[in-house]
Amino acid sequence: MLCGSPWHLCDHVFFIIHMETESHWILGRLNIEERRMYMYNSLSTAMKDSAAIKACQPFAVLLPHFFALFDEFKKENKPVCLDPFEVVKVDGLPQQTSNDCGCFVASFAEYFIDMKPIPPIFDVEKHRDRLAVLFYKYARMKEVDFIDSEDEAPPKGPKKNLS
């Protein structure tokens with residue numbers, strides 16, 4: 001599904017959450033059908049998990065109100081409910097041993113998208129190198145083929161009135 005698609009057409013929406021007090025990033029996955037937000041935390045301790053759940057709460061509370069405000073579910077005749085989404089911690093994830101939460105967040109999302117289980121043993125060096133190569137190849141492709149991403153393209157001028 002393309003970026004910018006209406007959320008009522010999506011099954012899952014990913015977003016990253018910065019836990020400022022912990023200087024740590026986690027992955028959130030919203031399952032719209034289940035009305036649950038899954039939290040992927042690569043630095044799991046009782047204290048960090050409590051802070052991660054606290055960081056997810058504003059999303060869990062506000063998103064149902066945004067859906068109601070923008071009539072997202074009325075388009076599909078789904079009932080509008082303003083109750084907060086349930087926040088569920090995903091257990092059994094590999095844990096980081098150094099400051100690599102960004103690599104873990106990107107990899108957790110990729111495993112879910114590819115419908116593969118997240119392995120309990122996680123070689124962060126291998127994943128970081130693979131991500132670096134992918135980003136480099138993408139940048140080179142854009143450079144060689146003169147491709148602009150939508151947000152990089154020059155702004156379009158005002159439409160001309162042909163009448």
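**Cores, strands and two loops in a predicted model**

The largest nonpolar core of this predicted model has 19 residues, and those with the most contacts inside it are Ile26, Leu30 and Cys56.

Colleague: Which element gives the largest share of this core?

Modeller: Two or more residues each come from strand 1, strand 2, strand 3 and helix 1 (46-69). Of these elements, the one with the largest share, 7 residues, is helix 1.

Colleague: How many residues are in the other core that lies apart from it?

Modeller: Leu27, Leu93, Tyr111 and Val124 are among the members of this other core. The count for that core is 15 residues.

Colleague: Which residues is Leu30 in contact with, leaving aside its neighbours within four places in sequence?

Modeller: Leu30 is one of the residues with the most contacts inside the largest core. Its partners beyond four places in sequence include Trp7, Phe15 and Met37. The full set is Trp7, Asp11, His12, Val13, Phe15, Arg36, Met37, Leu63, Phe67 and Phe85.

Colleague: In what order do the elements of the protein chain run from the N terminus on?

Modeller: The protein chain has 3 helices and 4 strands. From the N terminus on, the order is β-β-β-α-β-α-α.

Colleague: Is strand 3 largely enclosed or open?

Modeller: Strand 3 covers residues 36-40, and a residue counts as buried under 20% relative accessible area. By that cut-off 4 of its 5 residues are buried, so strand 3 is largely enclosed by the rest of the structure.

Colleague: Does strand 3 run parallel or antiparallel to strand 4?

Modeller: With strand 2 (residues 24-31), strand 3 shares 5 bridges and runs antiparallel; Gly28 stands opposite Met39 there. Toward strand 4 there are 4 bridges, and Met37 stands opposite Val87. The direction of strand 3 and strand 4 is parallel.

Colleague: Is Arg35 buried, partly exposed or exposed?

Modeller: Arg35 is found in the loop between strand 2 and strand 3, a hairpin with 4 residues between the strands. Its phi is positive, about 60 degrees, although Arg35 is not a glycine. Buried would need under 20% and exposed over 50%. At 24% relative accessibility, Arg35 is therefore partly exposed.

Colleague: What is the relative accessible area of Met115?

Modeller: Met115 also has a positive phi, near 60 degrees, in a residue other than glycine. Met115 lies in the loop between helix 2 and helix 3 (124-144). Met115 counts as exposed, with a relative accessible area of 76%.

Colleague: Which side chain makes a polar contact with the side chain of Asp100?

Modeller: Asp100 sits in the loop between strand 4 (86-89) and helix 2 (101-113). Asp100 is buried, at a relative accessible area of 10%. Beyond four places in sequence, Asp100 is in contact with Val124 and Arg128. The polar contact, at 2.5 Å, is with the side chain of Arg128.

Colleague: What separates the C-alpha atoms of Ile16 and Tyr40?

Modeller: Ile16 is found in strand 1 (residues 12-19). Leaving aside neighbours within four places in sequence, Ile16 is in contact with Trp25, Ile26, Leu27 and Val105. Ile16 and Tyr40 are 24 residues apart along the chain, and their C-alpha atoms are separated by 9.6 Å.

Colleague: What share of the exposed area do carbon and sulfur atoms supply?

Modeller: Buried residues make up 34% of the 163 residues in the protein chain. The protein chain exposes about 11400 Å², and the share from carbon and sulfur atoms is 60%.

Conventions:
Residues are numbered from 1 along each chain as its sequence is written. This is a predicted model: local features need pLDDT of at least 70, side-chain atom pairs count only at pLDDT 80 or more; totals for chains, interfaces and linings use all residues. Side-chain values use heavy atoms; hydrogens and water are left out. Buried means under 20% relative accessible area, exposed over 50%, partly exposed in between (1.4 Å probe, protein chains only). A polar contact is a pair of N or O atoms within 3.5 Å; within protein, one must be able to donate a hydrogen and the other to accept it, and residues adjacent in sequence count only if both atoms are side-chain atoms. Contact means heavy atoms within 4.5 Å. Two strands pair if DSSP finds at least two bridges between them. Accessible areas come from the Shrake-Rupley method with a 1.4 Å probe; for residues, only the protein chains shown count as cover. A nonpolar core is a set of buried Ala, Val, Leu, Ile, Met, Phe, Trp, Tyr and Cys residues joined through side-chain atoms within 4.5 Å.
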